[in-house]
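The following exercises concern enclosed spaces, a residue environment and strand pairing. Please work through each task before reading its solution.

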Amino acid sequence: MCSAFSQIAHADYQQLDTVAVTAATQTESSLDQLPVSVEVITAAQIEQQAAVTLRDILQYSGVFFNPSAGNVSSDNGQFSIRGVSSKGSLLLMNGRRIGTEFTKAYDANRIPAAAIERIEIIKGPMAALYGSDALGGVINIITKKPVDGFESSLSLSHGANQHGNGEKTQFETSVRGQQKATGYSAWFSALKTGDYSETETAQVRVPIGNQQGVQSKPSESNLRINPNNNMACGQGDNCAAAFSQPIGDLINDSYALPVYYRDPSEIINIGGEINHQLNADLALNFSLAYMHEQRNTQGISNVYASNYISGQNGALNFANIPYAQALTNQRVDLGIGAKWQVRDDLQLQWQSSLSHYDKQDQITSLLWQEMGYASQAASASLSGDGTVQAVQHSLNATWQANTEHRILMGAEYFADRRDAAFFAEDGSMSTIEQDSSGIFAQHEWQITPQANLIYGLRYDDTSAAGEATTAHVGSSYQFMPALTLRARYAQGFRAPDSQENFINRYNPQGKRFVGAQVVDSSIGKQAFDLEAEQSENIEVGIRGFGSNWQYDLALFYTEIENNILREQTANYISFRNASKVTLKGLDFSAMQHLNKKLSWDLAFNLLDSYDKDSQRKLDYTPDIQIGLGLKYQVTPDFSTQLRARYVGQQNYSETVQGQTVVTQADAYTPVDLKFNYALAEVDLFAGIDNLLKTDIDPALGNDIGRYFYAGIRWYIH
């Protein structure tokens, strides 16, 4: 893990007061004046990392991923900020929300590095500026902006592990410039990945007789199937042996198959932005982006419905069945806005955006014939098809009363509409829409040249959880450049999403999955209201810099009330509000240029998480993480970097025969080696990730071993 300060060691050294940040206050502020923990990743740092996707960029940052994030079917592929999962971490593009999955887990691999100029990561609740979802922090992705003159780049890279598996081929290009009053920026990225798989054995289990629940190997079950009508019966039932076969004759006890840990995929991204200065005071902007993704995976499903029918129980469920999943996803993001300098001390800014995300998701059985289906398409399981449409409108006013006082006021409206096949029990498409509106105000007060105070208040009205009022207050004092003290108190909240309120389907384990608002007397389910999650955060920290070094230290304590958890009853799975989660920890980062050739950076993160209800720490949340980087400038043109990360032990939970079993995954330490050679207009880069072939616990995914890559980047000015 690395902070903004350690990230800076990867590129030309910058002092703190030269780093401008917008997401922390929604106004442009210098990093050394902010009372909140912020990380900034610049375009130069992205290029030196040879990053291809957003996840590549964030892997050395304070945003935590397990290695399994490459697999779309892995729940633990979600990202987290200081222990708060992706549902409580707000993902923005140019300050606007984008249409996405509920978990946001997939987007780290869908957003290309080619589009990104800078990333700002704000750690801690930000609801007083952004409303719902900014419970643990904000990731603001700022796309490439127009520049004076003209510049263009083109990049090509390829990589694979030592056996040629897990291939990744990337092509990207960008262009930007200015023609009189009009600035433009455009980018294109194409990414193709190959699969990385490991052969695993599916130990098939079927019901004993035609009774659901108790299961055995097919060869040991007395279940019999009539192939003429796919009716099932058990030994001793009124079932004519002449017209039925033992289930063990139709399906084997086990099957060996490749299970994907890196999925074959094709991802195309194209987008751009136009800015036009109408006059000295008024500027318009327009942006458009398009993403297309085709992805396939296969694995072993815990439970899969067969086409064999029991008169008493309906379709019989089999366990540990090989499956295939095909996903086709598209997203269009449209933004329009204006900035009006009303007078020297007053600026108005308007932004409206539409993000439309379309998902086609089909899961089929690889044993479709053995399970009684006429074709693989006929074995299609739960549909994940659907669309997401996110609309956002905002209007902000910034008043620079004088050099000491700056006041921000704003209003915002956001609507999330989802058309999906999992809000109705029969699997038909239905629509759920949730919206929220908010108003906020913030005062930035430069009390003295060394001291400042920033505080704000926001009111939100949400359709999902009613009203919420949140606040933040923070201050910093610079005793000297080497020592700035900061402190902050902030609140956050997250309204329940439409999945938590309205989902109504069977999950892959054959269990009824119903949202809080669903009513079904046949399973004893009544409607109830979910309260919004609410967080409070206290943070104190120090930071400082010198001519060739800098550091940052933060201590934080966060309480989350009413956190929303899944609840499993005898008849269904739903959601409920738990009592309290506490997160407390320490973030430390430092870097130093020892001389003109050698620099180092260090990041040290401790996190103590505790769930009061389960009386244990959160799943997939390591207690300790350490990141160490060394950069050596061999010649003025040639540099090399060595990076190592230690990720501590993690808990994860599994349901075994209806009981929750908690297991501990081992720590792991990947080491990466990178090379860069810069010519006049061309950069050559190469590297080896996971140089020492560190072992990853399979519960966290499965790293593909040593990964070799190389590429070239051209610049045109």
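**Exercise 1. Describe the second largest cavity and its lining.**

Step 1. The volume of the second largest cavity is about 460 Å³. A cavity is a set of points on a 1 Å grid over the protein atoms alone where a 1.4 Å probe fits but cannot get out, and lining residues have an atom within 4 Å of a point. Volume is the space filled by probe spheres set on the points, which are joined across faces, edges and corners.

Step 2. This second largest cavity is lined by 27 residues, and R97, D133, F414, D416 and D497 are the closest to its centre.

Step 3. Two or more lining residues come from each of β7 (89-93), β26 (405-420) and β27 (430-445); strands are DSSP runs (E, at least two residues), numbered from the N terminus.

The model is predicted: local features need pLDDT of at least 70, side-chain atom pairs count only at pLDDT 80 or more, and totals for chains, interfaces and linings use all residues. Residues are numbered from 1 along each chain as its sequence is written, and side-chain values use heavy atoms, with hydrogens and water left out.

**Exercise 2. Is S265 buried or exposed?**

Step 1. S265 has 5% relative accessibility and therefore counts as buried (under 20% relative accessible area, with a 1.4 Å probe and protein chains only; exposed is over 50%, partly exposed in between).

Step 2. S265 belongs to strand β21 (residues 265-277).

**Exercise 3. Which strands stand at the edges of the sheet β4-β5-β6?**

Step 1. The three strands form an open antiparallel sheet in that order; two strands pair if DSSP finds at least two bridges between them.

Step 2. The edges are β4 (63-64) and β6 (84-85), because each has a single partner strand.

Definitions and conventions
Helix = DSSP H or I, 4+ residues; strand = E, 2+ residues; numbered from the N terminus. 1 Å grid on protein atoms, 1.4 Å probe; cavity = no way out; pocket = protein on both sides within 12 Å on 5 of 7 lines; lining within 4 Å.
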